[in-house]
Each structure stands twice: as structure tokens, then as C-alpha cells.
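Let's take a walk through this one together. Have the viewer open and follow along from residue to residue.

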Amino acid sequence: MDFKTLKSFQKIVEHGNFARAAEELAYSPSTVTTQIQKLESDLGVLLFERGKKIALTEAGRLFYEQSIPILQNMEQLQKTLGDLTSGEAGQVRVGVTEPTASHQFPGLIRRFTEMYPNIRISVEIAGTSVLTDKILKGELDFGLGSFPDSAAQLHFEPLFTEEFLLLVPQDHVLTRAGSESVTLGQLRHTRLLITAQSCPYRRKLETAFRKEGSFPPDTMEIGSMSALKHYVAEGLGAALVPRMVLDPLPEGTIALPMEGSGINMTCGLICRPADLPLKRAAKNLYDFLLQEFTRQKG
């Protein structure tokens, strides 16, 4: 018993006629007749009472009732497999770093799932080093983060540059001096709130300070990039914070642009070269993100 034969059987019952069923299915009447004869032979029972008018036997009525959900399930399975092949369905595991994960990514995922409602997405939020390790192990399809340390083993597609601003309390010495922009050198004598040692933003900042010749001696480590602005608002120091997390600007704070671009961070899509081209569903999300960020830059 196959899918086509089962469909032919149900169409015959619906129309009460072999010829009309064959016409709807674009089969010849002899093909439909042969299908039903084989089906009856396989089942060992007669399904139809032959005569001037087609009627179901008792076995035929039972088979018809039981075959309805079977055909529905087979049609749904066929559609699901077709969607999977075309990339309209599937499972995508993506990793995203903060602050993108909290600020930009939710809206992007909402729009993507409206376009592809049958694609299931799981989002892992972690630092770039954690995400790249999972990508290399095959535990994530791809990631969105900063330039990876293991770049030689990974493909990196730049998407955007994260601009950093210096967030300070309103009564900070730099605001009292009337500064409209700040250099790294001006931060040597102020308490600087910084993220954890493993954070790529922290490493980028340290590299930039080393090029300047020193690092502020007075620092306070805060484990979350998104939390930095709240500590600045309490007057605990200044912090270099991505522009995207400063909307809205915390009350009692001022954001000053930094001179030069040495601390700005390039972010992009990360995957294993061996995984390219990605599986259909993952490729759809990858291409969507690439298109969206390209459009935003334009």
C-alpha cells in the first residue's frame, strides 16, 4: 500500500466514481482500477461492491475511516520533508554575543520567524570565545560575535562596527572641563569600569591602552557589558559602552565620543569553513542576517 493508492481510494469514495477520481488525480481510469485491485489483493478483502453504483463493503467502510488520519499524516509528513529540503523548515542553533543578543537580535528573529514560521531557532548567548569553541565542536550552526581568536579555523563575515562611547556621570571631571570628545590618554586619571578578563571588548580596550603606553590604574571590574551603564549612573566611575546600549541614556549620565576608532569592535557572522554552504534552514537565517545588517549600513 502506497501513498498514491491510498489517495486514489479516498477520491473514489468521495466521488462515488472511479472515472471522476482518475480525472481529478490526472490518472487514466485503468491506472486507478489497477491500484484498487492491487490494494484489495494486498489486504485480502474487497473494498468496493461492484455494480451500477460504487459502494463500500463493510471492510471498505472500516478501511476508509481508519485511512483518513493515515493519509493526513502522510501528506503532512510529505510537506514537512519538502519544507526541510527547501529550507522552509528545520532547526537552527545560533550563538550571539552581548549586547547584540539583547538589543538587535530579538527584533531580527521576530521578522525572520514571520517569514519562516516552521524553522525552529535556539539562541545561545555567550562571549565570542565560548561560541567559537561550540562552533568548532559542531554544537552551533554559526554565531554572531566579534573577530574570533581562532580565526584561522573559522570563516568570519564582517557585518558592522560597534561604536563605543565614554559614559560618565554628569558631574565628572571631563564634563566639567567642557570636553566634547575624549582620548584614551585622558582616562589615565579616572576610575574606569571594565568588563571581565575573558570579554573580547575588555581585551580590545587593553590592546588600545597598551598602544597609548598605559592603562588606568584605578579600575573596577563589572561582569556584564549591559550593566556598566547602571554603575556609571550611580557615580562609580566612567565606562566605555557600545552606543546601542545607551538608548535610553541613563539619567544623570553623559555620553562622550572617543577620538579615533581604536576601541571600536568589528562584529560579524562566524562559522566553520567546512560547514559552507550551510544547511538550508541555517543558510536562510545566515543570509537574512547578512542582508539585514547590510541594509542597515546602507
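Gln78 sits in helix α4, which covers residues 58-86; helices here are DSSP runs of H or I with at least four residues, strands are E runs of at least two, and both are numbered from the N terminus. At 49% relative accessibility, Gln78 counts as partly exposed. On that scale, buried is under 20% relative accessible area, exposed is over 50% and partly exposed is in between, using a 1.4 Å probe and protein chains only. Gln78 and Phe3 are 75 residues apart along the chain, yet their C-alpha atoms are separated by 9.9 Å.

Some ground rules before going on. This is a predicted model, where local features need pLDDT of at least 70 and side-chain atom pairs count only at pLDDT 80 or more, while totals for chains, interfaces and linings use all residues. Residues are numbered from 1 along each chain as its sequence is written, and side-chain values use heavy atoms, with hydrogens and water left out.

Now zoom out. The protein chain carries eleven helices and twelve strands. Its radius of gyration is 31 Å, well over the 19 Å that the globule rule gives for 298 residues, so the chain is more spread out than a compact globule. That radius is taken over C-alpha atoms, and the rule is 2.2 Å times the number of residues to the power 0.38. Lined up on its principal axes, the C-alpha trace spans about 100 × 40 × 30 Å. Buried residues account for 43% of the 298. If you take contacts (heavy atoms within 4.5 Å) between residues at least 6 apart in sequence, 73% of them join residues at least 24 apart.

What about the inside? A nonpolar core here is a set of buried Ala, Val, Leu, Ile, Met, Phe, Trp, Tyr and Cys residues joined through side-chain atoms within 4.5 Å. The largest has 58 residues, and those with the most contacts inside it include Phe142, Leu166, Leu240 and Leu289. Helix α11 (residues 280-297) is the top contributor to this core, giving seven residues. Apart from it lies another core of 15 residues, among them Ile12, Phe18, Leu39 and Leu56. Back in the larger core, click on Leu166: beyond its neighbours within four places in sequence, its contacts include Leu174, Val182, Leu187, Ala238, Ile254 and Met258.

Next, Gln170, in the loop between β7 (164-169) and α8 (173-176). Gln170 and Gly252 are 82 residues apart in sequence but 5.6 Å apart in space, C-alpha to C-alpha. Gly252 is also one of the contacts of Gln170, along with Thr175, Thr253 and Ile254, once neighbours within four places are set aside.

Is Lys229 buried or exposed? Lys229 is buried, with a relative accessible area of 12%. Lys229 belongs to helix α10 (residues 228-233), and beyond four places in sequence it touches Leu167, Val245, Leu246, Pro248 and Pro250. For a sense of scale, Lys229 and Arg20 are 72 Å apart, C-alpha to C-alpha, with their positions 209 residues apart in sequence.

Finally, some backbone oddities. Most residues other than glycine have a negative phi, and most peptide bonds are trans. Pro248, one of the residues that Lys229 touches, is joined to Asp247 by a cis peptide bond with omega about 10 degrees. Pro248 lies in the loop between β10 (238-242) and β11 (253-257). Another cis bond runs from Glu98 to Pro99, with omega near 5 degrees, and Pro99 is in the loop between β3 (89-96) and α5 (100-103). Ala26 has a positive phi of about 65 degrees although it is not a glycine. You'll find Ala26 in the loop between α2 (18-25) and α3 (29-43), and at 69% relative accessibility it counts as exposed.
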